[in-house]
Amino acid sequence: MTGTTAPAAPARARVRGTARRVARWLRWYLREVTGESAYDRYTARARAQDPAVRVLSRREFERMRMDARAADPQGGARCC
């Protein structure tokens, strides 16, 4: 027996580790591009500045963002 199975295990572990890193990066990238992470940043910043402050719900936050975007058509990504 030559023992060819021993080197394959570390290689598989490296491939799995790389796949996990790629999946984490892809998830981060998609959340940034779609704006999904904006609420997470808002809550972290609001709680860091004042832990007693009332944090908007997800729905309230999204409504505020949409209203702000509609109020400023030059700054937002509107076509009309």
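**Exercises on a three-helix protein**

R24 counts as exposed, because its relative accessibility is 55%. Keep that example in mind as you work through this predicted model.

**Exercise 1.** Find out which helix holds R24 and which residues make up the positive surface patch.

*Solution.* Start with the position: R24 sits in helix α1. Next, look at the patch, which consists of R12, R16, R20, R21 and R24. Finally, check R24 against the cut-off: exposed means over 50%, and R24 has 55%.

**Exercise 2.** Decide whether Y29 is buried, partly exposed or exposed, and name the nonpolar surface patch it belongs to.

*Solution.* First, locate Y29: it lies in helix α1, which covers residues 5-34. Second, take its relative accessible area, 38%. Buried needs under 20% and exposed needs over 50%, so Y29 is partly exposed. Third, list the patch: W25, L26, W28, Y29, L30 and V33, together offering about 650 Å² of accessible area.

**Exercise 3.** Work out how accessible E32 is and which residues it touches beyond four places away in sequence.

*Solution.* Begin with the helix: E32 is part of α1. Its relative accessible area is 32%, so E32 is partly exposed. Then look for contacts, leaving out residues up to four places away in sequence: E32 touches S37 and R41.

**Exercise 4.** Describe the whole protein: how many helices and strands are there, and what share of the residues is buried?

*Solution.* Count the elements: three helices and zero strands, in the order α-α-α from the N terminus. Now turn to burial: 14% of the 80 residues count as buried. Last, the accessible surface is about 6,900 Å², with 58% belonging to carbon and sulfur atoms.

Note on methods. Residues are numbered from 1 along each chain as its sequence is written. This is a predicted model: local features need pLDDT of at least 70, side-chain atom pairs count only at pLDDT 80 or more; totals for chains, interfaces and linings use all residues. Side-chain values use heavy atoms; hydrogens and water are left out. Patches are made of residues with over 30% relative accessible area and no salt bridge: like charges are joined within 9 Å, nonpolar side chains (Val, Leu, Ile, Met, Phe, Trp, Tyr) within 5 Å. Accessible areas come from the Shrake-Rupley method with a 1.4 Å probe; for residues, only the protein chains shown count as cover. A salt bridge is a side-chain nitrogen of Lys or Arg within 4 Å of a carboxyl oxygen of Asp or Glu. Helices (H or I, at least four residues) and strands (E, at least two) are DSSP runs, numbered from the N terminus. Buried means under 20% relative accessible area, exposed over 50%, partly exposed in between (1.4 Å probe, protein chains only). Lys and Arg count as positive and Asp and Glu as negative; His and the chain ends are not counted. The place of a charge is taken as NZ of Lys, CZ of Arg, CG of Asp or CD of Glu. Contact means heavy atoms within 4.5 Å.
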